[in-house]
Amino acid sequence: MTSHKSGVVAIVGRPNVGKSTLFNRLCRNRDALVHDRAGLTRDRKYGTARAITDATVTLIDTGGLHDEGSMSSHVDDQVQTAVSESDLVLFMVSAREGLTAQDIQISEELRRTGTTVLVAVNKIDGVSHGSDFAISEFSPIGFKDCLPISASNGHGLQSLMESISAQVPTKESPDNGETTALPVAVLGRPNVGKSTLVNALVNDERCIVSDKPGTTRDAIRVVLNRDEMSFAFTDTAGIRRRGSVSDVIEKFSVVKALNALRGSDMTLLVIDANEGIVEQDLHLIQFAVEAGTGIVLVVNKWDKLDSEQRVTCRREISRRLRFADWVQIRHVSALNQEGIEVLFDDVARIHASGTIEASSSELTGVLNELLMAHSPPMVRGRAIRLRYAHTIDSHPPSIMLHGNQTSSLPASYKRYLENGFREALNLNGWPVVIKYRTGKNPFEDRQNRLTPRQQRKRDRLRRHRKSL
């Protein structure tokens with residue numbers, strides 16, 4: 001065990017004071033959504049402050065306190081949870097708007113928590129004599145440290161980082177490295193229960209849940225350790241059909257969701273059992289296939305169906321998933337936490353099977369068996385020959401096949417090979433990627449020169465034709 005400075009810092013304040021902008025600046029990324037519209041952030045978002053080099057600081061980005069929106073009470077609960085988890089609270093206010101009644105109310109609430117508070121006066125670039133104004137304007141709220149900054153331009157951030165580093169505690173930390181968490185994206189259309197599912201998986205009110213579609217806007221990552229394995233579930237915003245998306249915030253949310261999908265190894269695709277599997281769900285499966293993730297189809301709200309409706313739902317899903325019958329299907333009720341436990345086993349098992357351990361000779365043996373069972377079609381009177389196979393990559397499992405005229409293989413035969421390798425190697429739950437390489441003809445650049453005898457024979461044939 002070694003002593004190391006580390007702590008948790010919650011960024012709180014009223015709406016639209018620049019909390020997410022500062023979060024992105026200190027974390028040196030763009031994970032948090034940023035826009036001029038107030039009330040954009042709702043859930044707690046965690047990140048590591050990479051700009052602070054001499055301490056390990058976990059930042060929590062929070063929504064605006066005491067907003068007037070419909071989600072206000074849920075957002076306030078999330079902020080209170082973040083404050084209770086923190087060693088230091090970074091209270092952000094805006095120099096452009098000055099000290100408001102909301103700021104005074106929040107300062108009183110923070111004082112009652114007993115947590116150390118550091119005031120950051122943001123947007124000083126928008127006022128004259130910014131530093132002097134920050135100290136004089138916000139000193140009445142009664143906190144000792146009051147630092148003027150500009151989160152968008154970086155002014156004053158060095159002093160802020162030094163102050164944060166000086167106030168985080170020194171803790172005992174193990175010398176061993178961190179366990180890499182398995183990234184799992186929770187994907188689906190709006191209001192199918194993604195946030196409820198994530199809360200059920202982590203057994204905590206981690207994400208805001210509401211009957212109103214579009215509650216989740218950002219991609220919220222939650223890490224959970226279970227059975228000596230670490231999972232990183234990412235709750236994403238609901239993805240509607242492209243033609244239905246017009247709001248700029250929803251567009252940003254969809255981009256965040258798709259980026260989370262591309263950065264994951266596994267996908268929990270959530271659908272509503274009452275609606276069954278619809279066209280947009282099939283598009284989302286295709287997105288997951290293109291991203292190369294393992295897929296578990298989670299049929300949520302299963303408790304709402306009677307026995308006859310369940311039979312109909314199963315039949316319809318089976319019919320519409322004929323193009324991807326390798327997808328694992330689970331029926332759950334996230335609200336009642338029914339069928340949740342098996343999802344951990346599914347994710348761990350499918351992820352483990354995504355590594356191809358077969359040698360090149362074994363893969364070639366599987367290929368030969370598939371060729372003997374169903375040979376490729378002829379192309380222009382010539383047979384397509386596939387000679388040998390070897391592994392390219394894992395997660396998704398990828399195989400290279402070598403042969404001749406491979407570009408002429410029809411799509412139906414390629415699907416046959418994919419399904420054959422998936423069954424032989426037990427790769428259920430994964431989209432199998434097969435690439436093809438055609439060998440080069442070693443004689444294609446060489447001219448077939450005639451011998452003197454062949455040349456004399458050709459000349460005689462030419463003279464004979466002219467005489468006719």
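Two strands count as paired where DSSP finds at least two bridges between them. In this predicted model, strands β16 and β17 (residues 398-404) are joined by seven bridges and run antiparallel, and one residue pair shows the register: Thr391 has Ile399, in β17, as its bridge partner.

**View 1. The open sheet β16-β17-β18.** Three strands make up this open sheet, in the order β16-β17-β18 and with mixed pairing. Because β16 (385-393) and β18 (433-438) each have a single partner strand, they stand at the edges, and one side of each is left without a neighbour in the sheet. Averaged over the sheet and with direction ignored, neighbouring strands are turned by 25° against each other.

**View 2. Helices α11 and α12 against the sheet.** Helix α11 (residues 360-373) lies across β16 and β17, and its direction makes an angle of about 135° with β16. Helix α12 (residues 411-425) lies across β16, β17 and β18, running at about 120° to β18.

**View 3. The loop between β16 and β17, with Pro396.** Pro396 has its place in the loop that links these two strands, and the peptide bond joining His395 and Pro396 is cis, with omega at about 10°.

**View 4. The largest nonpolar core, with 27 residues.** In soluble globular proteins, nonpolar side chains tend to be buried together. Of the members of this core, Leu197, Leu201, Phe233, Leu268, Val298 and Leu343 touch the most other members. At least two core residues come from each of β8 (182-188), α6 (194-202), β9 (220-226), β10 (229-235), β11 (266-272), β12 (294-300) and α10 (341-353), and α6 gives the most, with five residues. Leaving aside residues up to four places away in sequence, Leu343 touches Leu197, Leu201, Val296, Val298, Arg330 and Val332. A second core, separate from this one and made of 26 residues, includes Ile239, Val254, Ala288 and Ile317.

**View 5. Asn122 in strand β5.** Asn122 is found in β5, which spans residues 116-122. With a relative accessible area of 3%, Asn122 falls under the 20% cut-off and is therefore counted as buried. Not counting residues up to four places away in sequence, Asn122 touches Val17 and Gly18, the run Met92, Val93, Ser94 and Ala95, and also Ile149, Ser150 and Ala151.

**View 6. Asp227 and Gln337, two loop residues with positive phi.** Asp227, in the loop between β9 and β10, has a phi near 50°, a positive value in a residue other than glycine. At 66% relative accessibility, Asp227 lies over the 50% cut-off and so counts as exposed. Gln337 is found in the loop between β13 (328-331) and α10, and its phi, near 55°, is likewise positive in a residue other than glycine. With a relative accessible area of 45%, Gln337 is partly exposed.

**View 7. The whole protein, for orientation.** The protein has 13 helices and 18 strands, and 47% of its 468 residues count as buried. Among contacts between residues at least 6 apart in sequence, 71% join residues at least 24 apart. The accessible surface of the protein comes to about 24,300 Å², and 46% of this surface belongs to carbon and sulfur atoms.

Terms used
Residues are numbered from 1 along each chain as its sequence is written. This is a predicted model: local features need pLDDT of at least 70, side-chain atom pairs count only at pLDDT 80 or more; totals for chains, interfaces and linings use all residues. Side-chain values use heavy atoms; hydrogens and water are left out. A nonpolar core is a set of buried Ala, Val, Leu, Ile, Met, Phe, Trp, Tyr and Cys residues joined through side-chain atoms within 4.5 Å. Buried means under 20% relative accessible area, exposed over 50%, partly exposed in between (1.4 Å probe, protein chains only). Helices (H or I, at least four residues) and strands (E, at least two) are DSSP runs, numbered from the N terminus. Contact means heavy atoms within 4.5 Å. Accessible areas come from the Shrake-Rupley method with a 1.4 Å probe; for residues, only the protein chains shown count as cover. Axes are lines fitted to C-alpha atoms, for helices over the stretch in contact, and angles run from 0 to 180 degrees between N-to-C directions.
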